[in-house]
Amino acid sequence: MEKIDLEKVRSDTPGVSDRIFLDNAGASPTPNPVHQRVVRHLEFEREVGGYEAKRQCQEELEGMYVSAADLFNAHPDEIAFIENATRAWDMAFYGIGFQSGDRILTSSAEYSSNYLAFLQMAQRHDISIEVIPDDEQGQIDVDALANRLDHRVRLVNLCHAPTSNGLLNPAEQVGELLRDSPALFFLDACQSAGQVPLDVARIGCDVLTTTGRKFLRGPRGTGLLYIRRERLEDFDPPFVDIHSAQWVGRDEFVLRPDARRFENWESNVAGRLGLKAAVDYCAALGIDNIRQRVNRLAQNMRRQLSEIKGLQLLDRGPQKTGIVTFTVPSREAESIRRALATQFIYVHAQQVADARLDIEGIAKDLIRASIHYFNTTTEINRFCAALEATVNN
Ligand SMILES: Cc1ncc(COP(=O)(O)O)c(C=O)c1O
């Protein structure tokens with residue numbers, strides 16, 4: 001039985017009345033309550049000024065931490081608001097005091113910005129970056145990971161749902177394996193938050209990061225960092241300011257006692273309120289309902305795409321998300337994206353540098369169609385028909 005009120009979510013998303021929006025892994029259109037909350041705050045700031053406006057919505061701003069914590073089954077003290085997923089991840093990553101001989105373990109699903117940070121860290125210290133192979137189904141090979149663990153492994157970084165692939169990595173299995181390990185376990189949940197249930201207690205990750213604008217449907221320039229309470233002191237925030245720390249004596253400062261020690265003093269207040277509205281909107285729909293609907297639509301899309309000649313589906317792994325990727329070897333991905341956009345169908349064209357480990361050797365570019373719960377079967381059918389006509393043109 002359909003548990004999401006399609007009419008309601010579509011009327012909350014006016015842009016979809018005459019467009020087929022399949023770039024939710026890029027930036028999903030914000031639903032009305034999110035948009036309205038942001039705009040209302042900006043108008044209020046114009047009226048009373050930014051400081052007074054913030055003062056008057058302090059309680060709601062605190063509520064953002066509660067909403068985000070509920071989304072991840074965490075505690076509000078374990079949440080920081082950061083301007084995007086990359087910086088959220090960086091704040092934790094650059095806070096690890098890496099030492100010569102440390103090892104970083106990652107997978108083929110790694111996101112490029114994270115890998116760039118590994119490379120930069122490897123230039124500074126004598127550390128190794130090791131990519132765990134995929135298993136035969138295409139997800140991280142958990143046995144291979146187990147075989148690589150030793151006391152020098154400082155960090156295991158797992159990209160839950162990659163940017164360029166429909167795979168959902170087995171985060172809980174990895175967490176189970178690392179439960180008694182001294183290694184830090186980071187989960188990049190940038191593409192899974194908002195479409196897949198996330199429970200940090202079950203997963204057992206020490207750090208989880210996400211962005212607001214993708215499947216959570218929040219405003220741009222918003223992101224979240226979760227840091228497990230017991231691990232907080234293992235990180236030295238790369239920057240401090242008058243919000244993250246207190247200058248208690250001429251030569252002395254103390255850090256905030258919670259995850260907000262990774263935040264900036266100045267931040268996007270309207271964005272924070274909008275992000276709270278987005279997380280609340282997601283919670284009201286129910287993440288399990290979202291997951292079910294997205295799965296159903298994605299299965300339908302994959303089935304139809306598998307029948308189009310000249311198109312190669314790239315998705316792998318036993319568990320998949322609403323991200324559907326493929327190549328058309330005879331065509332540039334960008335030309336297909338453009339052809340579809342002229343018909344008001346929005347997808348994303350991705351280059352190899354965006355996800356080198358994942359794509360290199362398979363293709364130079366790919367097309368990503370990413371589904372959310374407000375999409376319909378009719379839209380999926382229209383997209384597949386338009387794509388087939390474009391490919392065979
Ligand atoms: C898997 C993954 N991680 C991290 C990011 C970075 O997110 P942001 O652009 O908010 O920094 C992305 C963005 O596409 C992503 O797909």
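This passage describes the overall build of a predicted model, then the packing of its helices and the surroundings of its ligand.

In the predicted model, the secondary structure of the protein chain comprises 15 helices and 15 strands. The radius of gyration of the protein chain is 21 Å, close to the 21 Å given by the globule rule for 393 residues, so the chain is as compact as a globular protein of that length. The C-alpha trace of the chain spans about 70 × 55 × 35 Å along its principal axes.

Helix packing may be considered pair by pair, beginning with helix α3, which covers residues 32-48, and helix α11, which covers residues 269-285. The axes of these helices come within 8 Å and cross at roughly 160 degrees; because angles over 145 degrees count as roughly antiparallel, α3 is described as roughly antiparallel to α11. The crossing of α3 and α11 is right-handed. On the side of α3, the contact involves P33, V34, R37, V38, H41 and L42, and these meet V269, A270, G271, L273, G274, A277, A278 and Y281 in α11. Sorted by character, the residues of this contact between α3 and α11 comprise 10 nonpolar, 3 polar and 1 charged.

Helix α15, formed by residues 377-391, packs with helix α12, formed by residues 287-305, at an angle of about 20 degrees, and the two axes lie 10 Å apart. Since an angle under 35 degrees counts as roughly parallel, α12 and α15 are roughly parallel to each other. The crossing in which α12 passes α15 is right-handed. In this pair, L297, N300, M301, Q304 and L305 of α12 meet T377, I380 and C384 of α15, and the residues of the contact divide into 5 nonpolar and 3 polar, with no charged residue.

Helix α15 also packs with helix α13, which covers residues 333-341, at an angle of about 130 degrees and with the axes 10 Å apart. The helices α13 and α15 are therefore oblique to each other, and α13 passes α15 in a right-handed crossing. The contact is made by I336, A339 and L340 of α13 together with A386, L387 and T390 of α15. The residues that form this contact of α13 with α15 divide into 5 nonpolar and 1 polar, with no charged residue.

The surroundings of the ligand complete the description. The ligand is surrounded by 13 residues, of which the closest are N84, A85, T86, T163 and T211. When the residues of the shell around the ligand are divided by character, 5 are nonpolar, 7 are polar and 1 is charged.

Technical notes. Residues are numbered from 1 along each chain as its sequence is written. This is a predicted model: local features need pLDDT of at least 70, side-chain atom pairs count only at pLDDT 80 or more; totals for chains, interfaces and linings use all residues. Axes are lines fitted to C-alpha atoms, for helices over the stretch in contact, and angles run from 0 to 180 degrees between N-to-C directions. Helices (H or I, at least four residues) and strands (E, at least two) are DSSP runs, numbered from the N terminus. Angles under 35 degrees count as roughly parallel, over 145 as roughly antiparallel, 65 to 115 as roughly perpendicular and the rest as oblique. A crossing is left-handed if the near helix is turned anticlockwise from the far one by less than a right angle, and right-handed if clockwise. Two residues are in contact if their C-beta atoms, placed from the backbone, lie within 7 Å. Ala, Val, Leu, Ile, Met, Phe, Trp, Tyr, Cys and Pro count as nonpolar, Asp, Glu, Lys and Arg as charged, and the others, Gly among them, as polar. A residue is near a molecule or strand if its C-beta atom, placed from the backbone, lies within 6 Å of it. The radius of gyration is taken over C-alpha atoms; the globule rule is 2.2 Å times the number of residues to the power 0.38.
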